[in-house]
There are 2 protein chains.
Amino acid sequence: MRKIYDVFLAYNEPKAEAFIEKLRGKRPLFVCTLGTTETAKIPGISVAGKNPEFTDYTPPADAELLLLGKCKCIPVVPVTPEGIPTPALITMSALKIADIPTLVVSGGLRVKPHIPLLDLGGNPGGDIRKGRAVESVGEVIQRARTAGENLAKTADYIVIGESIPGGTTTALGVLLAMGIDARGKISSSMPGNPHELKTETVKAGLRASGEEFGSLAEDPIKAISYLGDPMMPAFAGLVLGAATKVPVLMAGGTQMGAVLAVVKALNWHVLDNLAIGTTRWIIADKTSDLRGIIAQIADVPILAADLDFSRSKFAGLRAYEEKVVKEGVGAGGAAIAAMIKSGGSITRETLLKEIERNYEHLVRPE
Amino acid sequence: MRKIYDVFLAYNEPKAEAFIEKLRGKRPLFVCTLGTTETAKIPGISVAGKNPEFTDYTPPADAELLLLGKCKCIPVVPVTPEGIPTPALITMSALKIADIPTLVVSGGLRVKPHIPLLDLGGNPGGDIRKGRAVESVGEVIQRARTAGENLAKTADYIVIGESIPGGTTTALGVLLAMGIDARGKISSSMPGNPHELKTETVKAGLRASGEEFGSLAEDPIKAISYLGDPMMPAFAGLVLGAATKVPVLMAGGTQMGAVLAVVKALNWHVLDNLAIGTTRWIIADKTSDLRGIIAQIADVPILAADLDFSRSKFAGLRAYEEKVVKEGVGAGGAAIAAMIKSGGSITRETLLKEIERNYEHLVRPE
């Protein structure tokens, strides 16, 4: 795969290259959209499954890490049971060394972070097995669109990331309801990627809401309302508002497929101003297929930060190479923006050094 | 008084001119800070006094007007009992014709607007006569500072306005507690400017909190906590965070004195990056004395938009010339930013035309 700086042109190469050209020398704004959902508390769905209530704390803790450089709502940085630190550590390190301004947006949270938080009037999400997942989807999209329109006047381009435990399952729900065959293609932060459990969960949701594969292809609002999560209307609305004016890098893994499908159904004119920004770990993952999802939706390029932690001095970071935790909190997109903004002087090596510095300071204070 | 474009150099002329030079050709961001307080419900304190609960709706309605071009939480644009429309109409018109991005921040609101709202964790304010006016002042200032630091990376300068009914009384409270003699100098949107009622209200608050004139000169957090309002920590924190990096135009009338005193006490280094932006009506008002307040605090310039509605075809707008409603929702600062951003092609005449167009559409649909 060809690289520009340490960014792979991972899919749709000519468009990927053109997108990077558009961002060169420009000023980004990073926006992190948060949400929590009861779906994450289904046993086996999320890495925080052993202690389901903990999933309510991960997004606010991630956001605090981005804005404050430390967590406040919990005493430590979120870490999986295997000892892998939240990808917010990558995001935070990239934003810091590249001096990228950051805004945190809530789509619906049970626990509020101790930071300035752009509220869109949304509520935490329900269990999709009941077929009633998200309230006020249309209103949240509308408010997010207003925010996106205004933010687009403050930056040359916008990078949007997300933090929502259980988000790949709800992404599968929206994708299937909208007729995109994402079975077996969705990523996971769980060892072994429990595709079957996710598919069963979504099937229960489809049954409960009286829908089936593809029946909501033309109705993204209902698809989110029944089978999605509260991050989605916030993220999609921001894209819809901003991308009419400036390029938007949608920073995430396979969840970006669901957001992209929603955006396309609501205004396909903005697709030309979009790219997906992710990590090498997502592209290299054999248990999921981001390109196979995006190819079914739109002719949008994928960029992937060439992050390589195999030589890190910390086992917790080397664990990223086992492709369990692979992406999240816009880690790939933030790294890409940092590399492009610095004109390539921020490399995967300098970024890893910064990440190690922050890891040492935050995760293992001795 | 000398003018640059249609902006008076109303105080501290050389610094006022230098400040305008700094903003020339630059990109502003407009931030509107909101709050509500029980103090506004004291009979005679606010123009909405006849129906005290209505004061809870004015800030959210103002903010909706700025972002959506119409109000949603109430069916009409806020208008005083005399038929004078909210100055948010001026602000909205200026932001619109100059295409200035806008962000709305809550310091503490009883009624939430139907828009994206940057929440700082603050609560609505209490009646200052009880000497317990605002909760979590330090925490809100800290969150606002974080927001200001990030916003300063997205714009060349920041214009901050406010909407809080009863705000001039709480401003008097903070000013007196901090030892600035603002008696008889504070503005009002009430016909006849009830200085005596305001002074009595503040005296009751000083008694209840065990403080006296000047006793909190070194403790702005306590001054706000006991005698202020929830807009103040949001506004002051934003200034503190942003003005270390970019110029900040503090858009308002005599209330800006209280915010400036707080900012100065917390970090006087930022004073060089500040100006007050207001309207000609505030400068011309014989019942208040903005310059006399600011002169006691800091060597900060005052700019005043030369708004003149005397020839408006609408009585509701001509009423601004009676100097009852004179400022609010950052009207003066937004007008100044629009004039400077346009290099003078937006004049008081073009702005009035836009205001009349919006007035006709929104206030008197026939």
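Contact means heavy atoms within 4.5 Å. The exercises below concern a predicted model.

**Exercise 1. The nonpolar core**

Find which residues B:Leu274 touches, leaving out residues up to four places away in sequence.

Solution. Start with the core: the largest one holds 146 residues, and A:Leu274, B:Met250 and B:Leu274 touch the most other members. Then list the partners of B:Leu274 under the contact rule. They are B:Phe19, B:Val239, B:Ala243, B:Val248, B:Met250, B:Leu260, B:Val263, B:Val300 and B:Pro301, with residues up to four places away in sequence not counted.

**Exercise 2. A salt bridge between two loops**

Determine which parts of chain A are tied together by the pair A:Asp285 and A:Lys326.

Solution. First check the distance: the two side chains form a salt bridge at 4.0 Å, N to O. Next place the residues. A:Asp285 sits in the loop between helix 10 (280–284) and helix 11 (290–294) of chain A, and A:Lys326 in the loop between helix 12 (315–318) and helix 13 (331–341), so the bridge ties together parts 41 residues apart in sequence. Both A:Asp285 and A:Lys326 are buried.

**Exercise 3. Burial of a bridged pair**

Classify A:Arg348 and A:Asp306 as buried, partly exposed or exposed.

Solution. The two residues form a salt bridge, with their closest N and O atoms 2.8 Å apart. A:Arg348 belongs to helix 14 (residues 348–362) of chain A, while A:Asp306 is in the loop between strand 9 (302–305) and helix 12, 42 residues apart. Now apply the cut-offs: buried is under 20% relative accessible area and exposed is over 50%, with partly exposed in between. A:Arg348 has 25% relative accessibility and therefore counts as partly exposed. A:Asp306 has 3% and therefore counts as buried.

**Exercise 4. The interface of chains A and B**

Describe the contact between chain A and chain B by residues, buried area and salt bridges.

Solution. Begin with the residues: 24 of chain A are in contact with 24 of chain B. The two chains bury about 2,000 Å² between them, 56% of it on carbon and sulfur atoms. Of the area that chain A buries against chain B, A:Pro116, A:Arg143 and A:Lys153 supply 25%, more than any other three residues. Then turn to the polar side: 4 salt bridges cross the interface. A:Lys153 forms a salt bridge with B:Asp99, the closest N and O atoms being 2.9 Å apart. Finally, assign the elements on the side of chain A that touches chain B. Helix 2 (58–68), strand 4 (102–108), strand 5 (117–119) and helix 4 (137–151) each give two or more residues, and helix 4 has the largest share, 5 residues. By class, this side has 12 nonpolar, 5 polar and 7 charged residues.

Terms used:
Residues numbered from 1 in each chain as written. Chains lettered and ligands numbered in written order. Predicted model: local features only at pLDDT ≥ 70, side-chain atom pairs only at ≥ 80, totals over all residues. Heavy atoms only, no water. Core = buried A, V, L, I, M, F, W, Y, C linked by side-chain atoms within 4.5 Å. Buried < 20%, exposed > 50% of the residue type's maximum accessible area, 1.4 Å probe, protein only. Helix = DSSP H or I, 4+ residues; strand = E, 2+ residues; numbered from the N terminus. Buried area = accessible area lost by both parts, 1.4 Å probe. Nonpolar A, V, L, I, M, F, W, Y, C, P; charged D, E, K, R; others polar.
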